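Open the model in your viewer and keep the selection box handy. We will go from one buried side chain to the empty spaces, then step back to the whole chain.

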Amino acid sequence: MGNPDAPDDDGKLGYLDDPTVPKGSVTPTYAAAVLRLNNERWDGVPFILRCGKALNERKAEVRIQYRDVPGDIFHGEAIRNELVLRVQPGEAIYAKVMTKTPGMSFKLEETELDLTYNTRYKNARLPDAYERLILDVFVGSQMHFVRTDELAEAWRIFTPLLHRIEGEKPSPTPYLYGSRGPKEADELLADNNFVYTGRYKWKKEDNSQL
């Protein structure tokens, strides 16, 4: 949906308001799915996949959220620690952790253990994703390409869903331009024991909210 408070004209128009989009289009612009592995090691661990267009952030990352620590001596002040592997933009690996403030106080604050590539390797040139893949093609390397068995498994999982969408043509759930996506997606996260607070800001030069 268009956002009347968007800073640009594109954001004030919804997807269906675009003259190049067919009237009544049901093409989805956002998707969220929860997958589980049926084995002993990953029992009870949800793998949440989310992607979409016109969201509040443009990023690709893997976020691992740890469970609550049994026994809360901080009376609900603590929130969950997270390990984040950011692919783009701004390649980084960091752990978002709760730490006790120094000194005699007994309060917590959110901070990070950080490895940001542009900060740690200032003189290194980090190629774009497709730039690296084109080089792999020239040298005959498949290191950064999806393996055949992984690709086959992805199609096995999602092909029935794609066929159902194509056959039934359900209407996508609308969401506001520049938002985190539809509220139903956040409800899906909460139902699978992922806790989002939204109060943490990664203290970097670009002030990116994580």
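**Stop one: a buried charge.** Select Asp136 and show its side chain. In this predicted model, Asp136 is buried yet makes no salt bridge. Now add Arg132, the nearest side chain of opposite charge: it is 6.5 Å away. A salt bridge here needs a side-chain nitrogen within 4 Å of a carboxyl oxygen.

Colour residues 129–139 next; this is helix α3, where Asp136 has its place. Which residues is Asp136 in contact with, once its neighbours within four places in sequence are left aside? Select Ser141, His144 and Phe145 to see them.

**Stop two: the second largest pocket.** Stay with α3, which supplies at least two residues to the lining of the second largest pocket. Three strands each do so as well: β3 (60–65), β4 (82–88) and β5 (92–100). Give these four elements separate colours and look at the space they help to line.

That space comes to about 820 Å³. To find its centre, select Ala60, Val87, Gln88, Glu91 and Ala129, which lie nearest to it among the 19 lining residues. What classes of residue make up this lining? Twelve are nonpolar, two are polar and five are charged.

**Stop three: an enclosed cavity.** Rolling a probe the size of a water molecule over the atoms shows where empty space is left. How many cavities of 30 Å³ or more does the count come to? The count comes to one. The largest cavity has a volume of about 40 Å³.

To see what surrounds the largest cavity, select Gln65, Ile79, Arg80, Glu82, Lys96, Val195 and Thr197. Colour this lining by class and you will find three charged residues, two polar ones and two nonpolar ones.

**Last stop: the whole chain.** Clear the selections and switch to a cartoon view. The protein chain has five helices and six strands. Follow the cartoon from the N terminus: one helix comes first, then the six strands, then four helices, in the order α-β-β-β-β-β-β-α-α-α-α.

Zoom out until the full C-alpha trace fits the window; along its principal axes the trace spans about 65 × 45 × 45 Å. Of the 210 residues in the chain, 18% count as buried, and Asp136 from our opening stop is buried too. Finally, consider contacts between residues at least 6 apart in sequence: 46% of these join residues at least 24 apart.

Terms used
Residues are numbered from 1 along each chain as its sequence is written. This is a predicted model: local features need pLDDT of at least 70, side-chain atom pairs count only at pLDDT 80 or more; totals for chains, interfaces and linings use all residues. Side-chain values use heavy atoms; hydrogens and water are left out. On a 1 Å grid over the protein atoms alone, a cavity is a set of points where a 1.4 Å probe fits but cannot get out, and a pocket is an open set with protein on both sides within 12 Å along at least five of seven lines; lining residues have an atom within 4 Å of a point. Grid points are joined across faces, edges and corners, and a volume is the space filled by probe spheres set on the points. Ala, Val, Leu, Ile, Met, Phe, Trp, Tyr, Cys and Pro count as nonpolar, Asp, Glu, Lys and Arg as charged, and the others, Gly among them, as polar. Buried means under 20% relative accessible area, exposed over 50%, partly exposed in between (1.4 Å probe, protein chains only). Lys and Arg count as positive and Asp and Glu as negative; His and the chain ends are not counted. Contact means heavy atoms within 4.5 Å.
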